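Thanks for making time. I have one structure to go through, and I will put it up now.

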Amino acid sequence: PDKLSPAALEALAVVAYFQPVTRVVIDQVRGVDSAHSLALLLDRELVAPCGSLDAPGRPILYRTTPVFLRSFGLSSLEELPPLPDMSSTDGLEKLQGAINALRGRGEQMEMDLENQETGGDAL
């Protein structure tokens, strides 16, 4: 699978930690429009709709999928790194570290899959 952009990883992290979540909440957490990132995540089956919020307009709720867990080498959502305390001054750095840890797990999973397909390490 292709690597995810930083924007898509941010959107995926918001869904993973706050699920079920609407696109508006993803947009608010990220501070930018997440329509393109969410569409990419849906296309790659990393997130899926899981109902709708009982509010005007009935916005769609999203959650992560088993493909997400498999892609990041997780057996359950409880294995996600804990969210940092954002009230501290280093909270943003810790959050970026958690996102980087997920990125690293995804890249390692991609390398493992490539090795399985080629029958071992590529020369």
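I will take the sheet, then the helices that pack on it, then the core.

One caution before the details: what you see is a predicted model.

Start with the sheet. It is open, has three strands in the order β1-β3-β2, and is paired in the antiparallel sense. β1 and β2 are the edge strands; each has a single partner strand, so one side of each lacks a neighbour in the sheet. As a reminder, strands of a sheet pair through backbone hydrogen bonds, in either the parallel or the antiparallel sense.

Now the pairings themselves. β1 and β3, residues 60-64, are joined by two bridges. V21 has Y62 as its bridge partner in β3, and T22 has L61. On the other side, β2, residues 47-52, meets β3 over four bridges. There P49 is bridged to Y62 of β3. That puts Y62 in a bridge with V21 and in a bridge with P49.

Let me stay with T22 for a moment. This residue sits in strand β1. Is T22 buried or exposed? The relative accessible area of T22 is 7%, and buried means under 20%, so T22 counts as buried. Leaving out residues up to four places away in sequence, T22 touches L53, P59, I60 and L61.

Next, the helices. α1 packs on the sheet and touches β1, β2 and β3, with its direction at about 90° to that of β3. α3 lies across β2 and β3 and runs at about 105° to β2.

α2 covers residues 23-30, and its buried residues include I26, D27 and R30. Why do they fall on the same side of α2? Because they span an arc of only 100° around the axis. The general background is that an α-helix has 3.6 residues a turn, so residues three or four places apart point the same way.

What covers the buried residues of α2? The cover includes α1, β1 and α3. I26 gives a residue-level view: beyond four places in sequence, I26 touches A11, V14, V15, V21, S34 and L38. After α2 comes G31, with a positive phi near 85°.

That leaves the core. The largest nonpolar core has 21 residues, and L4, L12, I26, L41, F68 and F72 are the ones with the most contacts inside it. α1 (6-18), α3 (35-43) and α4 (66-71) each supply at least two of its residues. Which helix gives the most to this core? α1 does, with seven residues.

Two of those high-contact residues, F68 and F72, also bring us to the aromatic pairs. The count for the model is one aromatic pair. F68 and F72 make up that pair, with 5.1 Å centre to centre and 45° between the planes, which is classed as tilted. Both F68 and F72 are buried.

To recap, β3 sits between β1 and β2 in the sheet order, α1 touches the three strands β1, β2 and β3, and α1 is also the main contributor to the largest nonpolar core. That is what I have on this one.

Conventions
Residues are numbered from 1 along each chain as its sequence is written. This is a predicted model: local features need pLDDT of at least 70, side-chain atom pairs count only at pLDDT 80 or more; totals for chains, interfaces and linings use all residues. Side-chain values use heavy atoms; hydrogens and water are left out. A nonpolar core is a set of buried Ala, Val, Leu, Ile, Met, Phe, Trp, Tyr and Cys residues joined through side-chain atoms within 4.5 Å. Buried means under 20% relative accessible area, exposed over 50%, partly exposed in between (1.4 Å probe, protein chains only). Contact means heavy atoms within 4.5 Å. Rings of Phe, Tyr and Trp (its six-membered ring) pair if their centres lie within 6.5 Å; planes under 30 degrees apart count as stacked, over 60 as edge-to-face and the rest as tilted. The arc is that of the directions from the helix axis to the C-beta atoms. Two strands pair if DSSP finds at least two bridges between them. Axes are lines fitted to C-alpha atoms, for helices over the stretch in contact, and angles run from 0 to 180 degrees between N-to-C directions.
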